[in-house]
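Biologist: Please take one place in this model where two pieces pack together, and look at it closely. Then show me what lies around it in the rest of the chain.

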Amino acid sequence: MAESPPLEVAARFAALSRLLHGLPSRERTLRRVVDLAVTTVPGSEHAGFLSLRRGGGAVGSEAHTGGPVPELARVQERLGEGPVPAPQSGEPVVRIADTAEERRWPRFARHAEELGVRALLACTLTGERGTLGTLCLCSAKPEAFDETAVRTAAVFGEHAAVALDRAGQVDSLETAVASRQLIGEATGMLMERYGVASPQAFGMLVRCSQHLNVKLREVASRIVEGQLADDRIRHALARARRD
């Protein structure tokens, strides 16, 4: 496959960067990443995530373009083998040229071939705080991904990682603001109900959270939603007030 002139490639990735950034949520960004991956990386027919790190744990993702990728993610998790690169390997893109000939992960390759996947790229997305996940690009044609496709996937992965990092930070900030507002509202309700000042009401909320062994935001949410009469919360608040 002939390579595009450097200026054309630069212009294409500049446009790609604009399309990836500024979306209102991480989920929307994930959706955009997989859609653009198929149109950006030569040879790609389907795209999705083999792994996606969220809150300290690796989980699957609903972000995919259809086809076999969701099942490939389940196969890799079940078998404990597959092309997700190790973070320390320094290899941003792993290529399976032909699943019928793959020897590194034979069981995974056999299942992939049964699913109609003959060629595959696994692209690690690395953000400021480590690995974000592994994007999978696949094709029903063996040898679908040449060296140009591998290099393109690596550059695309860099852009996608920056966009996901930023979207994750925005989501975290919005969640923190919403939690603060919710906790403030619950504190106000306790002040009114029990005739206490703000510090005492907040202390009750914290101790109630500890007694129930649930997050502070969850306790605040239950109180705001009118569950003050709930026996567990009522008893926990009574204990918290005595503490």
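Modeller: I will start with one pair of helices, then move out through the cores to the other parts of the chain.

Remember that this is a predicted model. The protein chain has 8 helices and 5 strands. Along the sequence they come in the pattern α-α-β-β-α-β-α-β-β-α-α-α-α.

Our pair is H6, which covers residues 198–212, and H7, which covers residues 216–224. A packed pair of helices is described by two things: the angle between the axes and the distance between them. Here the angle is about 110°, and the axes are 9 Å apart. Angles of 65 to 115 degrees count as roughly perpendicular. H6 and H7 are therefore roughly perpendicular to each other.

Which residues in H6 and H7 meet? From H6 come Phe-202, Leu-205, Val-206, Cys-208, Ser-209 and Leu-212. From H7 come Leu-216, Val-219, Ala-220, Arg-222 and Ile-223. Sort the contact by class and you get 9 nonpolar, 1 polar and 1 charged residues.

Now look at the link. Asn-213 sits in the loop between H6 and H7. Its phi is positive, about 60°, although Asn-213 is not a glycine. Is Asn-213 buried or exposed? Over 50% relative accessible area means exposed. Asn-213 has 70% relative accessibility, so it counts as exposed.

Next, the cores. The largest nonpolar core has 27 residues. Phe-49, Leu-121, Leu-125, Leu-135 and Leu-137 touch the most other members. Several elements give two or more residues to this core: helix H2 (26–40), strand S1 (46–54), strand S4 (119–127), strand S5 (130–139) and helix H5 (147–194). H5 gives the most, with 7 residues. Another core, of 18 residues, lies apart from the largest one. Ile-183, Ala-186, Val-196 and Ala-220 are among its members. Ala-220 brings us back to our pair, as it is one of the H7 residues that meet H6.

Stay with H5 and step back along the chain. The loop between S5 and H5 holds Glu-143. Its phi is near 60°, which is a positive value in a residue other than glycine. Glu-143 is exposed, with a relative accessible area of 56%.

H2 also gives residues to the largest core. Take Leu-30, which lies in H2. Leu-30 has a relative accessible area of 0%, so it is buried. The C-alpha atoms of Leu-30 and Ala-63 are 5.9 Å apart, yet the two residues are 33 residues apart along the chain.

Now move to helix H4, residues 106–114. What is buried in H4? Phe-108, Ala-109 and Ala-112 are. They cover an arc of only 95° around the axis, so they are on the same side of H4. Helix H3 (69–79), strand S3 (93–96) and S4 are included in what covers them. Right after H4 comes Gly-116, with a positive phi near 90°.

The loop between S3 and H4 holds Glu-102. This charged residue has 8% relative accessibility, so it counts as buried. Leaving out residues up to four places away in sequence, Glu-102 touches Ile-96 and Ala-109. Ala-109 is one of the buried residues of H4.

H3 has its own buried set: Val-69, Pro-70, Leu-72, Ala-73, Val-75, Gln-76 and Leu-79. Just after H3, Gly-80 takes a positive phi of about 70°. Gly-80 lies in the loop between H3 and S3. It is exposed, with a relative accessible area of 65%. From Gly-80 to Trp-105 the C-alpha atoms are 9.8 Å apart, across 25 residues of sequence.

Finally, the whole chain. Of its 243 residues, 43% count as buried. Take the contacts between residues at least 6 apart in sequence: 60% of them join residues at least 24 apart.

Key
Residues are numbered from 1 along each chain as its sequence is written. This is a predicted model: local features need pLDDT of at least 70, side-chain atom pairs count only at pLDDT 80 or more; totals for chains, interfaces and linings use all residues. Side-chain values use heavy atoms; hydrogens and water are left out. Axes are lines fitted to C-alpha atoms, for helices over the stretch in contact, and angles run from 0 to 180 degrees between N-to-C directions. Helices (H or I, at least four residues) and strands (E, at least two) are DSSP runs, numbered from the N terminus. Angles under 35 degrees count as roughly parallel, over 145 as roughly antiparallel, 65 to 115 as roughly perpendicular and the rest as oblique. Contact means heavy atoms within 4.5 Å. A nonpolar core is a set of buried Ala, Val, Leu, Ile, Met, Phe, Trp, Tyr and Cys residues joined through side-chain atoms within 4.5 Å. Buried means under 20% relative accessible area, exposed over 50%, partly exposed in between (1.4 Å probe, protein chains only). The arc is that of the directions from the helix axis to the C-beta atoms.
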